[in-house]
Amino acid sequence: MFFSHISVDEWTISSDEQRELASCDEPTMLFDGRWERVGFSGIVSRPRAGFQFLAGRTICAAPMADTNLMSIPGQVDPVPVARDITPRADGRLDLIGLPKERIRELFEDAGLEPKQAKLRSKQVFHWLYHRGVTDFDAMTDIAKTMRPWLTERFVIGRPEVVEAQHSTDGTRKWLLKTADGHEFEMVFIPDADRGTLCVSSQVGCTLNCRFCHTGTMKLVRNLTPGEIVGQVMLARDALGEWPKGSMAGLDEAEDEGHYSSDGRLLTNIVMMGMGEPLYNFDNVKSALKLVMDGAGLALSKRRITLSTSGVVPAMQRCGEEIGVNLAVSLHAVTKEIRDEIVPLNKKYGIEELLEACAAYPGASNARRITFEYVMLKDKNDSDEHAHELVRLLKQYNLPAKVNLIPFNPWPGAAYETSTPERVRSFSNIVFEGGISAPVRTPRGRDIDAACGQLKTAAEKKSRAQRDREAAEAAEAAGA
Ligand code: SAH
Ligand code: SF4
């Protein structure tokens, strides 16, 4: 028996595919290096050998004994990922990260009539993502008798808080943990007119940029949609700002947020935490759809920025399918230097990258692409580099702004931060070239602000100390 390129949406397996699977003993799939048993409802449980499941949602399945693996489609280097829906130890399923349609299917699988399942999924979706409740009992428009039925089968999860830090400048940083014990970070940066949440897309990163601490960590895995959107939800919990409105007037067809910043703390999201978001495209997309859904977290795509180190083949898709603002970690203007500090440059060079930027769907003078440039002393910070940056951005006719980031040092880093005078001179040249080039002020220095540092600092602490701090953090988040 052989499955070839069966597209599976959100782990739903059609009845024909289920019949095929049912004809095998203990069907299992290899998902990015991890064997998992397949339940006939499409829910994966424990690891076993048997079928191949390759990156993305394309099944290339075959009995292990006599069939070669098909090559992994697409350009994306695969990394291990967890299931979008792994049952808890008690068998209950976490709904966070699932779209309305998938919730409806699960309700139907669990025995609700189709009409009921549709109505309930709409109500539950609203309570989950728009109102932020974590308890089915709080869903007041759902019949009291129905709530225990939900509680028995489903949970509403959040990433676990290992440690929460609050900087003197208002920056807040959380060390979080997945249900299977992997740690990752999230940072909230308040400004006068906005509050930006910096969200992680992976535990660690495969790309090894030389100045980046995350790049020195061994990649553990991609974060699931639930773990990504869960960060935004946790931040809203901690900031105490879930909307209190009713469902009346919600437009089902609405797919873009109408979120207003009036009086809000969390107004913007940047995918600039740990990891390369375009190497976890599907999960980042699923999570951001929930963030942008007017019936969900309802944040406008104009308030979301995805930062990539330059995964050229996924950039067009990012613009077309996600539609958020783009930030590109350029950091150097010559092949030699960029090859050294952003090794992905050896695969996708500067010209190719800038061409992809010029073609980025939705980019315009009103929605400019941000070019991030980390200022490394005597490496990429000369006046000549600044002039070359202006020339390149003009050559490709890019609607661009430049973000100059003073290097945030970490123990053992190979670079130093450029002097303030150097940064100023660089910024002036770019500015005189007609391109805005603000210097990003370092934030939260007293709480290990650089990417990846909180995690490493926490690893040095004793288990008891971390448990104590986690209990305090959970209390503070709930307060
Ligand atoms: N992987 C993506 C997004 C995460 S990194 C990317 O590389 O774009 C977010 C930004 O922080 C990137 O521009 C990255 O280059 C920058 N960065 C990483 N480590 C840094 C450090 N130690 N000091 C200053 N900026 C850093
Ligand atoms: Fe990964 Fe971005 Fe760090 Fe490079 S800068 S190692 S792509 S997280």
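**Notebook: two ligands, one sheet, one loop residue**

Started with ligand 2. The residues I found around ligand 2 are C205, L207, N208, C209, C212, T214, G215, G275, E276, S309 and S329. Sorted by type, this shell holds 4 nonpolar, 6 polar and 1 charged residue. Note to self: this is a predicted model.

Next, ligand 1. I counted 17 residues around ligand 1, and the closest are C212, S309, S329, E372 and N408. I then asked which elements give two or more residues to this shell: they are β14 (304-308) and β16 (369-375). By type, the shell around ligand 1 splits into 9 nonpolar, 6 polar and 2 charged residues. I flagged C212, S309 and S329, since they are listed around ligand 2 and also among the closest residues to ligand 1.

**Overall numbers**

I pulled the totals for the protein. It has 13 helices and 17 strands, and 41% of its 479 residues count as buried. I also looked at contacts between residues at least 6 apart in sequence: 65% of them join residues at least 24 apart.

**Confidence**

The average pLDDT of the protein is 80, with 71% of the residues scoring at least 70. Two stretches I marked in red. Residues 1-14 stay under 50 in pLDDT, and the model gives them 31 contacts beyond four places in sequence. Residues 39-83 also stay under 50, with 114 such contacts in the model. Where pLDDT is low, the predicted coordinates should not be read in detail, so I leave those contacts alone.

**The sheet**

I traced an open sheet of 9 strands with mixed pairing, in the order β7-β8-β9-β10-β13-β14-β15-β16-β17. Which strands sit at its edges? They are β7 and β17 (400-406), each pairing on one side only. On average, neighbouring strands here are turned by 20° against each other, ignoring direction. Both elements I noted for the ligand 1 shell, β14 and β16, are in this strand order.

**Around β8**

I spent some time on strand β8, residues 172-177. Is it mostly covered or mostly open? It is mostly covered, with 5 of its 6 residues buried.

On one side, β8 runs antiparallel to β7 (residues 160-166), and 6 bridges join the two. I checked the partners: Q165 is bridged to K173 in β8, and H166 stands opposite R172 in β8. The β7-β8 hairpin has 5 residues between the strands, and G170 takes a positive phi near 95°.

Then the β9 side. β9 (residues 183-190) is also joined to β8 by 6 bridges, again antiparallel. Here W174 stands opposite M186 in β9. The hairpin of β8 and β9 likewise has 5 residues between the strands, and its turn holds G181 with a positive phi of about 90°. So I have a glycine with positive phi in each hairpin: G170 for β7 and β8, and G181 for β8 and β9.

A general reminder I wrote in the margin: in a regular strand the side chains alternate between the two faces of the sheet.

**I142**

Last lookup. I142 lies in the loop between α3 (114-130) and α4 (146-153). Why does I142 count as partly exposed? Because it has 18 C-beta neighbours inside 10 Å, while buried needs 20 or more. Leaving aside neighbours within four places in sequence, I found I142 in contact with R120, Q123 and R147. I142 and Q123 are 19 residues apart along the chain, and their C-alpha atoms are separated by 7.6 Å.

Methods. Residues are numbered from 1 along each chain as its sequence is written. Chains are lettered from A and ligands numbered from 1 in the order in which they are written. A residue is near a molecule or strand if its C-beta atom, placed from the backbone, lies within 6 Å of it. Ala, Val, Leu, Ile, Met, Phe, Trp, Tyr, Cys and Pro count as nonpolar, Asp, Glu, Lys and Arg as charged, and the others, Gly among them, as polar. A residue is buried if 20 or more other C-beta atoms lie within 10 Å of its own, exposed if 12 or fewer, and partly exposed in between; C-beta atoms are placed from the backbone. Helices (H or I, at least four residues) and strands (E, at least two) are DSSP runs, numbered from the N terminus. Two strands pair if DSSP finds at least two bridges between them. Two residues are in contact if their C-beta atoms, placed from the backbone, lie within 7 Å. Axes are lines fitted to C-alpha atoms, for helices over the stretch in contact, and angles run from 0 to 180 degrees between N-to-C directions. pLDDT is the predictor's confidence in each residue, from 0 to 100.
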